[in-house]
Each structure stands twice: as structure tokens, then as C-alpha cells.
Amino acid sequence: MDFTALHFQPSPLLLANVWDACSARAAEQAGYQALGTSSAAIAAMLGYEDGESLSFDELLYVVSRIRAVTSLPLSVDMESGYADTPSGVAENMRRLASMGIAGVNLEDSRIVDGVRVLEDSQRFAQRLKSIRETLATFRCSLFLNVRTDPFLMNVPHAREETLLRAQRYATHGADGLFVPCVTSPEDIAAIANHTSLPLNVMAMPGLPDFPTLGELGVRRISMGNAVHSVIQNGLYSLLLTVHQQQSFAGVFTDENHR
């Protein structure tokens with residue numbers, strides 16, 4: 001089943017968000033159908049702040065190492081595209097596609113002087129259309145999952161703003177709609193019923209369980225950097241225990257670690 005078809009299964013596609021070769025291997029072994037990178041997790045792994053602080057070449061290298069250990073469909077979080085022009089974004093996408101990447105996330109907000117700013121929806125829609133047209137000239141096929149951030153940024157009337165953006169993006173080249181930080185069943189159902197695009201939501205406190213999300217119309221579920229954060233907290237706790245107890249006893253509590 002190709003990556004697009006995975007968004008139209010009876011149950012939502014649960015995407016494992018990974019950040020390196022080890023996490024990609026673990027996700028494949030755990031039985032996931034597809035992977036996505038987490039920009040926040042990759043940035044943290046490399047010692048950067050999230051928000052395109054790393055270079056695109058650094059991102060490409062991480063993606064290449066993930067591709068080296070798994071053949072699962074992989075979607076790459078491109079944030080706002082790592083370029084100032086639509087042609088530059090499309091060229092970056094072409095480079096990813098040449099590595100066998102199945103899709104990308106592209107978001108309608110960007111970091112400006114350390115502050116996240118929501119782009120004008122019409123301007124972003126035109127940018128999206130130009131990117132799609134340039135990809136066509138490259139004969140490049142990618143699943144463009146467009147992230148829209150009214151809920152993430154807690155803007156007034158976030159649902160109405162999301163519905164407006166969903167309609168515009170659907171007619172300008174988007175293949176999917178990603179709405180991070182939406183958790184209310186009423187909001188999720190309203191968005192899913194309003195758009196023809198497969199709806200993607202993200203792990204958040206209070207997010208309904210997966211069967212309920214499926215009933216509400218969600219087609220894709222992402223982890224963001226939630227799993228990476230839990231693992232980092234666990235690593236800190238383990239290292240602190242070793243340091244405080246002056247012993248490796250806590251490291252070898254699981255016989256699989258011996």
C-alpha cells in the first residue's frame with residue numbers, strides 16, 4: 001500500500017515520529033506502517049532550537065541515515081521549507097524525493113526573530129500552489145501534508161480560522177491537513193467534516209483515543225516530539241540514579257540489557 005493510500009484505511013494511520021536510525025529501527029520492529037521525522041526531536045538531538053535552526057544539509061544527512069535502516073514510507077517535517085522562495089522550497093523537496101521520501105510536512109507559520117508568526121492564508125496558499133507547480137515540472141510526486149497553526153498559536157476563533165485555511169489549501173495543492181494542538185472532539189469533527197483533505201492530529205494531553213479519533217473523521221495521527229521527550233526524561237532519570245547511587249545496579253534491572 002502506498003503512502004497516500006495509507007491515509008484512507010478503515011482506521012487512522014498511526015505515524016511513528018522518529019529522529020535517528022535507532023528510533024526508526026524501533027518503530028519498524030514495533031510494526032508501524034510509516035514513519036515521519038520530528039523537527040523538534042531532530043533539532044534537540046543535534047543541539048539546536050526548533051524552528052529551522054539546523055541547516056537543510058544537516059536535515060538531509062539525518063534523513064539519509066534513517067533511510068539507510070528502513071524501507072518504510074517516510075514523511076519529512078520541513079517546517080516552513082528551509083528556503084525563502086517557492087522554487088527554493090520545491091528544490092529542497094526534489095532533493096528529498098530523490099532519496100525516496102514519500103511525503104513532507106509544510107507549515108503555515110514560521111519563526112521570525114525568535115517568535116512564531118502565522119502567515120497570511122492567501123499568501124501561503126499561493127506559495128503552496130507555486131511549490132506544487134514547480135514540483136510538477138520536476139516530475140516529482142510527494143504527499144504534501146500542510147500544517148496549519150491557529151490552534152497551536154491559540155489565535156482567536158481558531159476553529160473558524162482553521163476551516164478557512166483548510167478550504168484554501170485544499171484548492172492550492174495540499175494533499176493532507178495537519179492541525180496540531182486541536183483536542184476537542186467538537187473541533188476535530190467540525191474540521192474533518194469541512195475538508196476533503198485527510199485530517200492529521202497530534203499527540204497532546206486530552207486527545208481522544210485512536211478509535212474515537214477515527215469515528216470523528218481523523219485519518220492520520222502523529223506523535224510530534226512527545227515520545228522523544230519522554231525518552232529524554234527517562235534518560236535523565238537513569239543517569240541521575242547512577243550518579244546518586246554510585247552504582248550501575250539500576251541499569252541492569254532488565255535482563256535484556258545484560
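1. Let's start with helix α3, in what is a predicted model. This helix has 14 residues and reaches 21 Å from its first C-alpha to its last. That is close to the 20 Å expected at 1.5 Å a residue.

2. Which residues of α3 are buried? They are Phe 56, Leu 59, Leu 60, Val 62, Val 63 and Ile 66. Seen down the helix axis, the buried residues of α3 fall within an arc of 165 degrees, so they line one face of the helix. For a newcomer, a general point may help here: an α-helix has 3.6 residues a turn, so residues three or four places apart point the same way.

3. What does that face meet? The buried residues of α3 pack against the helices α1 (21-29), α2 (39-45) and α4 (86-97), and also against β2 (16-18), β3 (35-37) and β4 (74-77).

4. Now for the nonpolar cores. The largest has 61 residues, and Met 93, Leu 96 and Leu 199 touch the most other members. Helix α3 (residues 56-69) gives the most to this core, with 6 residues. A second, separate core of 6 residues includes Phe 3, Leu 13, Leu 15 and Ala 34.

5. Leu 199 is worth a look in the viewer. Setting aside neighbours within four places in sequence, Leu 199 is in contact with residues including Leu 177, Val 179, Ile 188, Ile 191 and Ala 192. Gly 217, Val 218, Arg 219 and Arg 220 are also among its contacts.

6. Finally, a hairpin. Strands β6 (residues 109-112) and β7 (residues 115-118) pair in the antiparallel sense over 4 bridges, with Ile 111 opposite Arg 116 in β7. Between the two strands lie 2 residues, and Asp 113 in the turn has a positive phi of about 55 degrees.

Terms used
Residues are numbered from 1 along each chain as its sequence is written. This is a predicted model: local features need pLDDT of at least 70, side-chain atom pairs count only at pLDDT 80 or more; totals for chains, interfaces and linings use all residues. Side-chain values use heavy atoms; hydrogens and water are left out. A nonpolar core is a set of buried Ala, Val, Leu, Ile, Met, Phe, Trp, Tyr and Cys residues joined through side-chain atoms within 4.5 Å. Buried means under 20% relative accessible area, exposed over 50%, partly exposed in between (1.4 Å probe, protein chains only). Contact means heavy atoms within 4.5 Å. Two strands pair if DSSP finds at least two bridges between them. The expected span of a helix is 1.5 Å times one less than its number of residues. The arc is that of the directions from the helix axis to the C-beta atoms.
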